[in-house]
Amino acid sequence: MHVEALHNDRVFERLLLYAKKHPDIWYMVMIDYENSKARAGGLKMSEEEYADKVLGRTKILSGIAKNIGLHPHLYIPYEDPLSYEAQKNEISRVKGLFDQIGIRASHISFGYWTWDENTVKICDELGLKIHKRCMALHDYDLMGEKT
Ligand SMILES: [Zn+2]
């Protein structure tokens with residue numbers, strides 16, 4: 001599952017219920033203030049509040065779900081790939097945030113399933129395995145289900 005709206009209280013609540021029933025699947029967490037802000041039509045929280053909330057909730061999720069990974073959105077499929085440096089900065093940033101909360105990430109998946117040969121090289125360097133296309137579910141999809 002791609003977890004992209006942990007900042008949202010209702011999504012988080014629904015996600016925890018789902019994770020309790022499905023602790024074995026992979027939960028790939030996006031931590032990206034600008035991306036979340038763009039989608040939500042403007043977040044009502046600062047970047048710092050967002051990071052605290054999303055990281056705190058990732059930690060809680062890691063107490064329930066067995067497999068938590070990184071989920072950066074690097075670029076969209078019809079754009080030119082980001083440079084090696086820009087990709088390395090972003091992947092290192094999200095990996096560093098997980099390190100801060102004591103989660104040593106081993107797997108990564110990318111927004112829009114988009115990556116290139118530089119991404120593969122960077123992930124090798126950082127010891128991250130790339131999850132290939134296998135999960136189409138998003139955390140916010142849970143909002144359409146009845147409990
Ligand atoms: Zn995504």
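The following paragraphs lead through the fold of this protein, from its overall build to its core, one of its helices and a few of its loops.

The model is a predicted one, and in it the protein contains five helices and five strands. Read from the N terminus, these elements follow one another in the order β-α-β-α-α-β-α-β-α-β. The C-alpha trace extends about 40 × 35 × 30 Å along its principal axes, and the radius of gyration of 15 Å agrees with the value near 15 Å that a compact globule of 147 residues would have. Of the contacts between residues with a separation of 6 or more, 75% join residues that are 24 or more positions apart. Buried residues account for 29% of the 147 residues.

The interior is a suitable next stop. In soluble globular proteins, nonpolar side chains tend to be buried together. Here the largest nonpolar core comprises 24 residues, and Val3, Ala19, Tyr27, Met28, Val29 and Leu70 are those with the most contacts inside it. At least two residues of this core come from each of α1 (9-21), β2 (26-29), α3 (47-62), β3 (67-70), α4 (84-100) and α5, and the largest share, four residues, is supplied by α1. Ala19, one of the residues with the most contacts inside the core, is in contact with Tyr27, Leu61, Ile64 and Ala65 when its neighbours within four places in sequence are left aside.

Helix α1 therefore merits a closer look, given that the largest share of the core, four residues, comes from it. Its 13 residues reach 19 Å from the first C-alpha to the last, close to the 18 Å expected at 1.5 Å a residue. The buried residues of α1 are Val11, Arg14, Leu15, Tyr18 and Ala19. Seen down the axis of α1, these buried residues fall within an arc of 140°, so they line one face of the helix. The face turned away from this buried side carries the exposed residues Asp9, Arg10, Glu13 and Lys20. Among the elements that cover the buried residues of α1 are β1 (2-3), β2 and α3.

Beyond the helices and strands, some loop residues deserve attention, beginning with Leu82, which lies in the loop between β3 and α4. Leu82 counts as partly exposed because it has 18 C-beta neighbours inside 10 Å, where 20 or more would make a residue buried. Not counting residues up to four places away in sequence, Leu82 touches Leu74, Tyr75 and Gln87. Although Leu82 and Thr119 are separated by 37 residues in sequence, their C-alpha atoms are 9.3 Å apart in space.

The last stop is the loop between β4 (107-108) and α5 (117-126), where Tyr112 is placed and where Trp113 is found as well. Most residues other than glycine have a negative phi. Tyr112, although not a glycine, has a positive phi of about 60°, and Trp113, also not a glycine, has a positive phi of about 55°. As for their surroundings, Tyr112 counts as exposed, with 12 C-beta neighbours inside 10 Å, while Trp113 is partly exposed, with 14 other C-beta atoms within 10 Å.

Key: Residues numbered from 1 in each chain as written. Predicted model: local features only at pLDDT ≥ 70, side-chain atom pairs only at ≥ 80, totals over all residues. Rg over C-alpha atoms; globule rule 2.2 N^0.38 Å. Contact = placed C-beta atoms within 7 Å. Core = buried A, V, L, I, M, F, W, Y, C linked by C-beta atoms within 7 Å. Expected span 1.5 Å × (residues − 1). Arc of directions from axis to C-beta.
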